[in-house]
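Me: I've got a model open here and I'd like to talk it through at the level of side chains. Could you take my questions one at a time?

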Amino acid sequence: MTMRGQWLKQLCGGLTVIVGLATQSLAATPSQTTPTRVGPVLVNVEARAGQDLSGAWHWSVDPYRDGLAGFHGAEAGPGHRRHDDVDVDAVTRANPQALYEYDMRRSPVVHLPASWISHDETMRYYDGLVWYQRTFTATKTPGQRAFLRFGAADYVARVYLNGKPVGIHEGGFTPFAFEVTSLLRTGENQVTVGVDSVRSADTVPPTVTDWETYGGLTRPVRLVLTPATYIDDAWVRLGDDGRLRATVRLQGTRPGDTEVRVRIPALSLTLKGRTGADGSWTGDAAEPSALKRWSPEQPALYEVTVEAGEDRLVDRIGFRTLEVKGHDILLNGKPVFLRGISLHEEELGKNPTRAMTPGAARALLGEVKHGLHGNFVRLAHYPHSEVMTRMADELGLLVWSEIPVYWRVNFARGETLETARRMLAENILRDRNRASIAFWSVANETPVSDARNAFLARLAADARALDDTRLVTAALLIDRVQEKGQSVMVVKDPLVSHLDVAAVNTYNGWYSDDALADLPGIGWRNDTGKPLVFSEFGADAQAGFHEPGLKRKFSEEFQAEYHRQTLAMSEKVPSLRGLSPWVLKDFRSPRRQHPVYQQGWNRKGLLSETGQRKQAFDVLAEHYRKLEARQAQPEQARAP
Ligand code: GCB
């Protein structure tokens with residue numbers, strides 16, 4: 001039996017197991033018609049009572065998974081179980097015969113959240129299991145519920161409270177929570193998490209990607225306290241029909257027949273009603289005439305209060321509409337051209353650890369908004385921290401949000417589909433209140449096959465069922481054909497029929513040997529009838545490497561010229577409605593090992609890893625400045 005199989009056998013009685021495997025309780029319910037259900041959502045988690053468990057945690061590396069299984073595969077014994085509620089030092093003093101081969105309480109300490117790649121030098125390329133443990137003080141109050149909520153743990157997390165297993169979660173970039181009401185004690189509590197970064201051909205993403213793994217507890221851990229009946233989910237939005245609508249879902253002791261109130265004081269608006277037997281309620285009202293719609297130019301956010309029974313949440317939410325008409329993307333009824341750029345979740349600096357603070361998010365997104373004159377970011381290739389999407393709301397940037405269905409996922413495997421569906425649901429449920437989010441992307445550069453088409457069509461349908469106020473897309477591969485002696489790029493992917501926007505990654509001149517001067521002469525054909533977006537194009541350059549005469553690949557001059565010519569090509573594509581070049585900042589990628597130019601970094605950033613602007617940054621900024629000026633003109637006066 002595999003180790004994972006043992007774990008399930010050991011823990012399934014009443015335990016929450018959120019993995020793409022056969023055994024689940026609160027988690028994925030395979031279904032042909034409704035999206036996957038996820039465990040407690042605890043929407044707007046920062047606004048809830050409880051405790052932030054960020055800070056000092058003990059850590060211990062466990063490459064052979066000794067804390068899970070013995071050397072013949074049996075359940076780990078007491079001298080090995082890192083999660084036991086035991087003071088190893090005290091036990092071995094009291095009983096000198098006792099043998100322990102770990103001691104979490106005397107293991108070194110790190111500050112979390114952060115990926116382990118920055119814990120110490122030996123962890124730089126570590127891929128495997130690491131244990132984390134800390135204590136915290138709590139007070140148990142009758143009638144109150146307690147949850148442990150994780151912003152993200154990459155890739156599988158096994159969670160224990162006071163020595164008892166509480167749940168397993170698979171997926172490195174989405175939030176999850178486990179109820180721990182019965183295990184929490186008044187006084188000191190011990191939480192232990194085993195995080196395993198190892199991926200396989202069946203995981204999402206699989207083993208080979210073009211980015212760093214960043215294993216570990218990369219987002220905050222919180223103890224969340226709620227009343228016995230609590231607001232699990234609350235979604236407040238402006239529908240395409242122009243009505244302001246709220247959906248609230250209660251969970252707990254008495255979710256049905258409870259009064260719900262949603263108030264927006266600045267608009268003097270209150271929506272009110274009672275939940276049905278299932279704990280849900282939806283109410284709506286005409287759009288208030290005083291409402292200022294959210295847009296990149298005017299990112300208006302309103303304080304919204306949701307109250308039900310003893311629970312109350314306050315959020316800041318923007319309202320806008322988004323639709324597609326022919327080749328146009330309409331924001332609040334007006335055509336918008338996406339002046340964007342892609343980025344990874346990696347803070348500026350020589351040794352990023354994926355700890356995305358508001359300051360780190362503002363530094364990155366500020367470069368897009370103010371440096372590049374952008375109005376759009378593609379948060380590739382997995383859901384980024386909620387800190388990023390909230391910052392995009394504040395700054396006024398439209399967002400493309402994606403799940404890591406990347407390159408060669410095992411499309412034929414049902415459990416892999418369930419994993420991807422759950423990730424999509426966790427991502428959408430976390431962020432449906434962010435006005436900035438314009439697109440749910442279900443995949444990146446996946447090769448066409450029947451199994452893949454069915455897999456992604458299912459995800460696209462889920463995204464629509466969970467959220468009808470956004471557009472569904474995917475970054476696709478593009479075909480190249482020869483017609484009358486000319487190269488023509490053609491959008492042929494059959495998945496487009498399931499998407500609102502056809503988005504393609506195109507690298508002519510970098511991954512092809514086209515001369516840069518020939519790029520504007522390449523033809524484009526988009527017969528899909530839908531708007532086209534260049535979701536990626538880019539070229540590597542090492543900041544500070546100049547060869548003006550030669551313009552060799554990896555020089556700043558080559559990269560700048562590549563962008564100039566690709567932008568010239570883009571101006572000749574009539575159905576193009578957006579650009580998201582690859583990529584804002586150099587990012588870590590273990591695949592990229594040219595000793596002079598790359599050293600483990602993908603260098604397609606317009607900024608170096610420390611934020612130094614390369615020549616191509618100014619090329620794109622100037623292009624976007626012109627597009628912005630063009631967009632600001634009355635429609636008739638716009639040059640093509
Ligand atoms: C792509 C991928 C992206 C890579 C990029 C590259 O098409 O979507 O993840 O990093 O190309 O640099 O090759």
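Reply: Sure. One definition to start: a polar contact is a pair of N or O atoms within 3.5 Å. Also keep in mind that this is a predicted model.

Me: Which residue has a side-chain N or O atom 2.4 Å from an oxygen atom of the ligand?
Reply: The cut-off for a polar contact is 3.5 Å. Asn602 has a polar side-chain atom 2.8 Å from a ligand oxygen, and for Lys604 the distance is 2.6 Å. The 2.4 Å pair belongs to Tyr511.

Me: How much of the ligand's exposed area does the protein bury?
Reply: Start from the ligand taken alone, which exposes 310 Å². With the protein around it, the part of that area that gets buried is 97%.

Me: How many residues sit around the ligand, and which come nearest?
Reply: The shell splits into five nonpolar, four polar and five charged residues. In total there are 14 residues around the ligand. Those that come nearest are Asp210, His381, Tyr406, Glu445 and Tyr511.

Me: On to charges. How many salt bridges does the count come to?
Reply: The rule asks for a side-chain nitrogen of Lys or Arg within 4 Å of a carboxyl oxygen of Asp or Glu. Arg145 and Glu179 qualify, with N to O at 2.9 Å. By this rule the count is 57.

Me: How many residues apart are Arg145 and Glu179?
Reply: Arg145 is in strand β7, residues 144–150, and Glu179 is in strand β10, residues 176–179. Their burial goes two ways: Arg145 counts as buried at 18% relative accessibility, while Glu179 is partly exposed at 37%. The pair links distant parts of the chain, and the separation is 34 residues.

Me: Where does the salt-bridge partner of Arg452 lie?
Reply: Arg452 meets Asp493 in a salt bridge, 2.6 Å from N to O. Arg452 is in helix α6, residues 450–466, 41 residues away from its partner. Asp493 is in the loop between β30 (486–490) and β31 (502–505).

Me: Are Arg452 and Asp493 buried or exposed?
Reply: The cut-off for buried is under 20% relative accessible area. Arg452 has 0% and Asp493 has 7%. Since both values fall under the cut-off, the word for Arg452 and Asp493 is buried.

Me: Which residue does Glu394 pair with in a salt bridge?
Reply: The closest N and O atoms of this pair are 3.3 Å apart. Glu394 lies in helix α4 (residues 386–395) and its partner in strand β20 (residues 311–317), so the bridge ties together parts that are 78 residues apart in sequence. Glu394 is partly exposed at 38%, and so is the partner at 41%. That partner is Arg316.

Me: How many of the ten residues of α4 are buried?
Reply: Buried residues in α4 include Glu386, Met388 and Thr389. Met391, Ala392, Asp393 and Leu395 are buried as well. The helix is mostly covered, and the number is seven.

Me: Which residue caps the N-terminal end of α4?
Reply: At the other end, α4 is followed by Gly396, with a positive phi near 90°. At the N-terminal end, a side-chain oxygen lies 3.0 Å from the backbone nitrogen of Val387. The residue with that oxygen is Ser385.

Me: What is the omega of the cis peptide bond between Asp154 and Tyr155?
Reply: Most peptide bonds are trans. A cis bond joins Leu112 and Pro113, with omega about 5°, and Pro113 lies in the loop between β4 and β5. Tyr155 is in the loop between β7 and β8. For the bond from Asp154 to Tyr155, omega is about 15°.

Me: Which loop holds Tyr214, and what is its phi?
Reply: Most residues other than glycine have a negative phi. Tyr214 goes the other way, although it is not a glycine, and it is buried at 1%. The loop is the one between β11 (187–196) and β12 (216–217), and the phi of Tyr214 is about 50°.

Technical notes:
Residues numbered from 1 in each chain as written. Predicted model: local features only at pLDDT ≥ 70, side-chain atom pairs only at ≥ 80, totals over all residues. Heavy atoms only, no water. Helix = DSSP H or I, 4+ residues; strand = E, 2+ residues; numbered from the N terminus. Buried < 20%, exposed > 50% of the residue type's maximum accessible area, 1.4 Å probe, protein only. Near = heavy atom within 4 Å. Polar contact = N/O pair within 3.5 Å; in protein donor to acceptor, adjacent residues only side chain to side chain. Areas by Shrake-Rupley, 256 points an atom, 1.4 Å probe, with all protein chains shown as cover. Nonpolar A, V, L, I, M, F, W, Y, C, P; charged D, E, K, R; others polar.
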